[in-house]
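Here's a walk through a structure with several chains and the ligands they hold. Take a look at the picture first, then read on.

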Amino acid sequence: MPETLNLTCIVCPRGCRLTVVKDGDAVSVSGHACPRGEAYGRQEAVCPLRSLTTTVRADGGARPRLAVRSSADLPLSRLLDAMAALDGVVVRAPVRAGDVVARDILGLGVDMLATDNLEEARHE
Amino acid sequence: MSVGLQSMETDVVVLGAGPAGLAAAVSARSAGARVLLVEREDRVGGILKQCVHDGFGLEKFRERLTGPEYALREADAFRASGASLLTEAYVTSATRSGDSSFLLDCVSPRGVAQVRARALVMATGCRERTDRQVFIHGDRPAGIFTAGLAQYMVNVQGLLPGRRAVILGSGDIGLIMARRLTLEGVKVEGVYEIKSEPSGLARNVRQCLEDFGIPLYLSTTVTSVRGRRRVEGVTVAAVDGRSRPIPGTERELACDTLILSVGLIPENELAVSLGVPLDGATRGPRVDQNMHTLADGVFACGNAVHVNDLADYVSESGRVAGGAAAAWALGGPQARDLTPLRAGPGFLYAVPQFVDVLSGERGSVFFRSNATVAAGARVSLGAMKDDDRRELAAKTYPVLRPPELERLVLPPELPSGADSYILDMERMDGGGNDA
Amino acid sequence: MAKPRHVDKTRGSGAETGALPLAKALDKLRKAYGTGIELRDDRGSLALEGAVATWRDKIDAGWAAARFGYRGVVNDLAVPGLEPERLEPPGIKDCSLDGLAVDVAVIGGGVIGASVARELARWNLSIILIEKEYDVAVHTSGRNDGMIHDGFAAKPGTKKAWYNVRGNRLWGSWARELGVDFKRQGSLVLFRGRTSAAAYPLMASRAKENGVDGWEYWSRSRVRAEEPNASPGQHGGFFLPSAGSLSPYKATVAIAENAAANGVRVSFDTCVLGFDLESESIAAVRTNRGTFRARAVVNAAGNWADAVAGMAGDRFFSLHQRRGSDLILDVTTGVTQKHIMSMPSLFQAREKTKGGGLVLTPEGNILVGPTARELPGREDYATAPEEIRELERHLKVNVRLSLSHVITYFAGVRPCTYEEDFIVEPSQRVRNLVHAAGIQSPGLASAPAIAEDVSAMVVRVLERSMAVRPRADWKPHRLAPPELRRLPLEERARLIAANPRYGRIVCRCEEISEGEVRNALRSTLPVSSLDAVKRRTRAGMGRCHGGFCTPRVMEIVASETGTGLCDVLKKGEGSWMCAGPSKSGGRS
Ligand SMILES: Cc1cc2nc3c(=O)[nH]c(=O)nc-3n(C[C@H](O)[C@H](O)[C@H](O)COP(=O)(O)OP(=O)(O)OC[C@H]3O[C@@H](n4cnc5c(N)ncnc54)[C@H](O)[C@@H]3O)c2cc1C
Ligand SMILES: Cc1cc2nc3c(=O)[nH]c(=O)nc-3n(C[C@H](O)[C@H](O)[C@H](O)COP(=O)(O)OP(=O)(O)OC[C@H]3O[C@@H](n4cnc5c(N)ncnc54)[C@H](O)[C@@H]3O)c2cc1C
Ligand code: SF4
């Protein structure tokens, strides 16, 4: 039995409405305006992947949190597990954007990277 | 000069160091002007600093950047440009002094500076609409936050605004906060939207709500808030076609937090004090294609002009405004010949509202449709002369949605002598426009 | 003007002579409001018991009973579906007041209680001001029009008229001493037509009878010259130069701060729950924070004053609640008129309210209102959409105003007796209790005068057991903290050079600096809630309603009070701003 999914492509702001038909291993995508959309539709049918953007605790910095992102997309179903794993992570200022703040999160082969600079706290 | 009161002079002052102001400062500086960028916060980057999610810069950098990453790139370019910067500085008053300069009073912890400048660029961003402006009745307990305030608390201060939240309004910030709060362990009961369509981008409905199973209720609104000290719950009700609550549809929801994502308003108090006329539809200054307002020497860009959905467009408008402000400051006042550009039926608005036919700069027209046109539409720009319409540019859009800003590039040559320019929409399904 | 006789009158116990006999009164009330009503002579007051069909009937029956000539009306009529309201004490419970002994306990941190405390502080007395909320002016005193009325509108011969005129005069010196911004713009009552203009002689004689400080007739052209934006429908006006306005919460804060600077102890989050009575006197005051002794007690409990009287066994009156709402217009509207303006309709003739108008505030906003609705709810500040429409009609008085200027709206509740007059008198049953109750409008205008009299009554009570002498070190003056946005640039620069925190703007709409927020937290009153900061500095009152300044003010509060950000409150106990830090687990 072919299975049909109606999705909104999230790769770019255009938000094309995709139709993904999955018949066993065969997946066909329509509605995309560009190849990135097709690739997204295929992946979505198999295992939806998402980037994770969040913050981690920071010590000694000008602010108590540091913005971070995943170096690659993670399975959507693991995002909350990844969040829980990040609860215990604490970075020490100074940090530069791009620095790795946590390696190989949940053993998925994905690192968490700083997306902002964090200077040391100024003392008044 | 008395204690702490200093004087400064420059060519261009840019107000606000978000992506619009940073781009404006860089482009004014590279055009040879002396530039002072004034920012009231202690870091540049504007609202992007708190937007830790990604999706920025797809157009400008062809990368999916987070807000802080986008801001850092713009800040690096700014630093390299050699323009000056005043942070934690707040412009309390701006006045015209003579016909070719402005005087700004600028307060900061370092003292008060009086800055003289030949051109001003307003890049002051926007503020959020609040519960009072949507007329929710009831007392004001703690626990009512605008989405941007909740975003600042979570992302910058590391604070959870509550444990159980209801979100009113489906603007992008509200959608993004629904996901952000869910990731942080806050239970989001649902997003309630008074209109029959979401006001945020479709991709945000997908990746922020559907991904996490958060319900979106359309044509529904919050009518009152319960709780004396802290929010204890809200009443929601379905609305009719004129946005009035339908009696009998009320539902009580328990929650400790109400987050409002009910729209953004361009911030223009200083521009208004200088006599800059605003557009009723955008609530920002009316500008020509150089982002020059109707007050000579005052330019504006970014979300201060109209609420953009993409930081990339914001940067672009900053680049245009900065370059034009530098030319004005260095070359002295130039004659302008402004021909109005109007948006025909089917549009919420179009920017710019004027074309200066004496200026060489062309640029783009940005517009929003006032309703979803699922079948797609052909949008064209015509020059009107004595009831004659001459088409200048056209483009076909597969779909038009009110939350999405679209652009039409202006042709390099515009005929002079037109009475006005008009933007028209032709729907592919041949349907008329009912709005 | 001579003090009206009844202001000093000590009333006898039992029904007043000339009061309508009970049976006749009952007959009248039952005819109008149903047979469910019972009546009782409660030591001279008329007690209404039983039930009526609606809230409106209850209020009307109370008003009718007030005309029967009894000392007061105690209205306990039940209304189906409406539970009697109970005073809800704060959740805080400790013993911080246990064992304390003071000369005077003033109950209620509204403008009345604060003013009484300030006046009493002139004497060699130990005083405590008790307020159940987290700050002063949380209730009616922070939710009104801020008008210092001229005294014309009050019914001649009432306490309202007397205290208003006297209070109006006193506000001049009080505002100066306290550093409160008070402007006497004058009040212009416009005539709607020739008929109402013809009422001028009547109005003048009433103003004279009340002892009002000045009045003038303004012709149509005079009005046009003075107020070019006044409605073109005007037929001249009645001008009262002594009327003015001030910020009611800033004034109450200033009064309480000055009282505290003169040694008054201010105890917030403290609710009076009852009294221990011994030989017709209050021996001890019971609160959620302990029990203490007081030689004299002042009841200035606003909308709960009848409940507090009841705790002392002296409930000879009942309060009903008249809710009023106001619109606040953007500060840019302030330049469109010079005076307080109103244009009452002739048929309005509602004696229970002055009808509302456009009150120009010293800050340059215009307040539109207030409305007047009889609704249950002593602390219910919900507004209704139809009120916005009702208030819209006042906008016509100034042709430059429109609904788009509205930045926000609020409601307040007036504590009213059925006699519709103030109660300012020593208790007849409890030897050391003084009431300042039923202080409805114009209570703010009257506050200094009420405080003078109450203070004198308290001194008389105390003189029975101690020697009361003036304090040599009483300081009438309060040094108001600077408001930077109102200072000339050079002055501002000088202050910033001395304290750079005056240069860090935290509220972008109202241009409030970090230094000003810290001053508010360092005052003589122990406050730390965000709304308390807002009341003192306006941070959060502008167009964005705190969207920008809230996190910044939270940080300053945390740093000043030495608590964590998560402990910052918006409006006292239970009004937490955040549930805790992120990243602390607890995800389901
Ligand atoms: C929550 C949120 C989510 C968004 N998501 C996306 C997204 O996913 N993708 C995308 O491409 N775009 C997104 N955007 C849009 C984009 O971020 C904004 O359009 C852009 O940041 C606006 O830039 P700006 O420079 O005009 O204003 P801002 O970034 O707001 O900057 C204005 C600056 O001016 C300063 N300022 C204002 N008044 C004064 C004054 N009087 N004196 C001194 N300084 C002053 C302010 O402090 C501020 O730094 C999002 C926006 C928001 C708010
Ligand atoms: C909409 C409106 C507009 C008005 N406009 C004007 C005007 O323009 N001019 C004017 O002169 N008047 C005006 N008034 C009237 C004026 O506001 C009041 O007369 C005045 O504020 C009453 O002050 P108060 O101190 O008696 O009451 P409140 O300010 O209510 O103070 C009483 C305090 O007692 C506390 N309290 C109660 N019970 C207890 C207890 N058991 N233990 C401890 N504390 C307790 C309460 O918490 C409260 O803070 C207006 C009123 C309203 C509602
Ligand atoms: S299919 Fe291509 S164009 Fe359409 S939304 Fe996806 S990425 Fe964007």
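## Ligand 1 and its shell in chain B

Let's start with one term: a residue counts as near a molecule if one of its heavy atoms lies within 4 Å of it. Keep in mind too that this is a predicted model. Now for ligand 1: it has 33 residues around it, and the closest are Ala20(B), Glu39(B), Ile47(B), Asn303(B) and Ala311(B). Sorted by character, that shell holds 17 nonpolar, eleven polar and five charged residues.

Which parts of chain B give at least two residues each to the shell around ligand 1? They are helix 1 (19–30), strand 4 (54–56) and helix 7 (311–331). Helix 7 of chain B gives the largest share, three residues. Some polar atoms also pair up here. An oxygen atom of ligand 1 sits 2.8 Å from a polar backbone atom of Asn303(B), and one is 3.2 Å from a polar backbone atom of Pro19(B). With Arg40(B), the partner is an N or O atom in the side chain, 3.1 Å from an oxygen atom of ligand 1. How much of ligand 1 does the protein cover? On its own, ligand 1 has 1000 Å² of accessible area, and the protein covers 94% of that.

## Chain B as a whole

Chain B contains seven helices and 30 strands. A compact globule with 435 residues would have a radius of gyration near 22 Å, and chain B has 23 Å, so the two agree. Measured out along its principal axes, the C-alpha trace of chain B spans about 65 × 65 × 40 Å.

Of the 435 residues in chain B, 63% count as buried. If you take the contacts in chain B between residues at least 6 apart in sequence, 61% of them join residues at least 24 apart. On the outside, chain B exposes about 15600 Å², and carbon and sulfur atoms supply 50% of that.

## One residue up close: Gln353(B)

You'll find Gln353(B) in the loop between strand 24 (347–351) and strand 25 (354–356) of chain B. Is Gln353(B) buried or exposed? It counts as buried, because its relative accessibility is 6% and buried means under 20%.

What does the side chain of Gln353(B) reach? The answer is the backbone nitrogen of Val287(B), at 2.9 Å. Leaving out residues up to four places away in sequence, Gln353(B) touches a set of neighbours, among them Asp279(B), Thr282(B), Pro285(B), Arg286(B) and Thr339(B).

## Ligand 2 and its shell

Over in chain C, you can look for ligand 2. It has 41 residues around it, and the closest are Glu131(C), Ser141(C), Met147(C), Ile439(C) and Ala445(C). The shell around ligand 2 breaks down into 18 nonpolar, 16 polar and seven charged residues.

Ser141(C) also makes a polar pairing: a polar side-chain atom of Ser141(C) lies 2.5 Å from an oxygen atom of ligand 2. Gln440(C) uses a polar backbone atom instead, and that atom is 3.0 Å from an oxygen atom of ligand 2. For Asp145(C), a backbone N or O atom lies 3.2 Å from a nitrogen atom of ligand 2. Taken alone, ligand 2 exposes 1000 Å², and the protein buries 99% of it. The elements of chain C that give two or more residues to this shell are helix 4 (111–120), strand 16 (319–329), strand 21 (406–417) and helix 12 (443–462).

## Chain A and ligand 3

Chain A has two helices and ten strands. From the N terminus on, they come in the order β-β-β-α-β-β-β-β-α-β-β-β. A compact globule of 124 residues would have a radius of gyration near 14 Å, but chain A has 19 Å. Its C-alpha atoms fill a box of roughly 65 × 30 × 15 Å along the principal axes.

In chain A, 44% of the 124 residues count as buried. Among contacts between residues at least 6 apart in sequence, 46% join residues at least 24 apart. Chain A is also where you'll find the surroundings of ligand 3, including Cys9(A), Cys12(A), Cys16(A), His32(A) and Cys34(A). That shell divides into six nonpolar residues, three polar and one charged.

Note on methods:
Residues numbered from 1 in each chain as written. Chains lettered and ligands numbered in written order. Predicted model: local features only at pLDDT ≥ 70, side-chain atom pairs only at ≥ 80, totals over all residues. Heavy atoms only, no water. Polar contact = N/O pair within 3.5 Å; in protein donor to acceptor, adjacent residues only side chain to side chain. Areas by Shrake-Rupley, 256 points an atom, 1.4 Å probe, with all protein chains shown as cover. Helix = DSSP H or I, 4+ residues; strand = E, 2+ residues; numbered from the N terminus. Nonpolar A, V, L, I, M, F, W, Y, C, P; charged D, E, K, R; others polar. Rg over C-alpha atoms; globule rule 2.2 N^0.38 Å. Buried < 20%, exposed > 50% of the residue type's maximum accessible area, 1.4 Å probe, protein only. Contact = heavy atoms within 4.5 Å.
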